[in-house]
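Welcome, and please get your viewer ready. We will go from one selection to the next, and at each stop you will hear what is there.

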Amino acid sequence: MHPETLAIYQSRIADANAGAVAPPLSLSTTFERDADGTFPHGHIYGRTSNPNRDALEAALAQLEGGFAGLAFSSGQAATMTLLLALRPGDHVILGDDAYHGTPALLEELFHPWGLTYTRVDFTDLEAIRSSIHENTRLIWIETPSNPLLKIADIQAIADMAHQAGAWCACDNTWATPILQRPLDLGCDVVMHSTTKYIGGHSDVLSGALIFKEDGDFYQQVRRYQTLGGAVAAPFDCWMLLRGIKTLTTRIRAQSATALKLAEFLNQHPAVEAVHYPGLENHPGHAIAQQQMAMFGAMLSVQIRGRAEAARAVAGRVQLFIRATSLGGIESLIEHRASVEGPNSTTPQNLLRISVGLEHADDLIADLEQALSPASH
């Protein structure tokens, strides 16, 4: 099936009671046994499974082309559970530009526990290769990266991981399975902060892991999901299934608008640099063309001047909302270094933009007036 059809077809839940077209919501935390003690519908307790969560996990697996999906209470819970499947003494390789919560988990929770990690420029394959140790068990890709939108060659890095006997995981939050399918390119696991594009409306907090195939690694993470209990709630799963139905249309429209904004900003005299893989001068443009259907709806822009200049531009926008997060139908803008804190390595003059579903011309006009203080 094409993605548009798959998103609708796989997000359905059959309703044997009323034949409802909209999926029913099952809030029950426990499920009735038969007289012989068995569970005829396969559900025992809400931490183990739920009809809405089962449907969401199956839909995500189908969209990513994987064996199975696991839904969590947040993207961080998904990442943390995956890392828990490693062992003290194992080594992880992570990009030097990545969502700040991922290295924070490694440094603050898992490094004291005995996990080691190395951060590498993932646009440099030789740097990755030279960072692989005998105890390397996981290479974690994030592409496009957050917030500099670096592009990593998924296939090449996955091959490198497997040659070293390591697993390869990819944070596919920014691309979604509509624009990029890392499992098809050799990855073992995909992670999503489903809070973002899959939910799509800035109203549900959740995360997911999708595994390429069954095996000890998947079974262990699945067990930890149940034991740890950081599962997605039934209503959250219901909301995400609804979001999946419009995911294809939303991400394609948002990506088309993001390209227009990037092209406008790329020629503006108040802009020092634009980070967007859809621009031909982006260093990862050729690889992005090979592994992405479109270039996504996220971009970052560096304003000429210091942090104060960037904050001033963010302070003058009228249509963009000054807020953290991304992937919703509304356009957001933020001074990223301020969000990441004092240890941030993000350029101080950088603004991160999440492009929504507003008309491109209106968003461009808003940026134009915000970049031109003389007009105020």
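Before the first selection, one definition: residues are in contact when heavy atoms of theirs lie within 4.5 Å. Keep in mind too that this is a predicted model.

**The whole chain**

Start with everything shown as a cartoon. The protein chain has 13 helices and 12 strands. Its radius of gyration is 21 Å, close to the 21 Å that the globule rule gives for 376 residues, so the chain is as compact as a globular protein of that length. Along the principal axes, the C-alpha trace spans about 80 × 55 × 35 Å.

Now switch on a surface. About 15900 Å² of the protein chain is exposed, and carbon and sulfur atoms supply 53% of that area. Of the 376 residues, 54% count as buried. If you like contact maps, take the contacts between residues at least 6 apart in sequence: 71% of them join residues at least 24 apart.

**Helix α13**

Select residues 360–371, which make up helix α13. These 12 residues reach 16 Å from the first C-alpha to the last, close to the 16 Å expected at 1.5 Å a residue. Colour the buried positions next: Ala-360, Leu-363, Ile-364, Asp-366, Leu-367, Gln-369, Ala-370 and Leu-371.

What covers the buried residues of α13? Show α9 (234–266), β8 (271–275), β9 (298–303), α11 (307–316) and β12 (350–354), which are among the elements that do so.

While α9 and β8 are on screen, pick Pro-269 in the loop between them. Pro-269 counts as exposed, at 65% relative accessibility. Add Ser-372 and draw a C-alpha to C-alpha distance: the two residues are 103 apart in sequence and 9.8 Å apart in space.

**Lys-196**

Select Lys-196 in the loop between β6 (189–192) and β7 (207–211). An unreviewed UniProt entry places the feature "modified residue: N6-(pyridoxal phosphate)lysine" at this lysine. Is Lys-196 buried or exposed? Its relative accessible area is 17%, and buried means under 20%, so Lys-196 is buried. Leaving aside neighbours within four places in sequence, Lys-196 is in contact with Thr-173, Ser-325, Leu-326 and Gly-327. Show those four as sticks.

**Salt bridges**

How many salt bridges does a search of the whole structure find? The search finds nine, and we will visit some of them.

Begin with Glu-57 and Arg-53, whose closest N and O atoms are 3.5 Å apart. Because Glu-57 and Arg-53 are four residues apart in helix α2 (residues 51–64), about one helical turn separates them. Glu-57 and Arg-53 are both buried.

Next, select Lys-150 and Asp-96, whose side chains meet in a salt bridge at 3.2 Å, N to O. Lys-150 lies in the loop between β4 (136–142) and α6 (154–163), and Asp-96 in the loop between β2 (91–95) and α4 (101–110), so this pair ties together parts that are 54 residues apart in sequence. Lys-150 counts as partly exposed at 24% relative accessibility, and Asp-96 is partly exposed as well, at 30%.

Then move to Glu-334 and Arg-352, a salt bridge with its closest N and O atoms 3.0 Å apart. Glu-334 lies in strand β11 (residues 332–335) and Arg-352 in strand β12, so the pair ties together parts that are 18 residues apart in sequence. Glu-334 is buried, with a relative accessible area of 5%, and Arg-352 counts as buried at 3%. Extend the selection to Arg-336 and Glu-340: salt bridges that share partners join Glu-334, Arg-336, Glu-340 and Arg-352 into one network.

**Arg-137**

For the last stop, select Arg-137 in strand β4. Arg-137 counts as partly exposed, at 28% relative accessibility. Which residues does Arg-137 touch, not counting those up to four places away in sequence? They are Leu-86, Asp-90, His-91, Ala-166 and Trp-167. To finish, draw a C-alpha distance from Arg-137 to Leu-106: these residues are 31 apart along the chain and 14 Å apart in space.

Methods: Residues are numbered from 1 along each chain as its sequence is written. This is a predicted model: local features need pLDDT of at least 70, side-chain atom pairs count only at pLDDT 80 or more; totals for chains, interfaces and linings use all residues. Side-chain values use heavy atoms; hydrogens and water are left out. Helices (H or I, at least four residues) and strands (E, at least two) are DSSP runs, numbered from the N terminus. The expected span of a helix is 1.5 Å times one less than its number of residues. Buried means under 20% relative accessible area, exposed over 50%, partly exposed in between (1.4 Å probe, protein chains only). A salt bridge is a side-chain nitrogen of Lys or Arg within 4 Å of a carboxyl oxygen of Asp or Glu. The radius of gyration is taken over C-alpha atoms; the globule rule is 2.2 Å times the number of residues to the power 0.38. Accessible areas come from the Shrake-Rupley method with a 1.4 Å probe; for residues, only the protein chains shown count as cover. UniProt positions are given in the numbering used here, feature names are shortened, and annotations may be inferred rather than shown by experiment.
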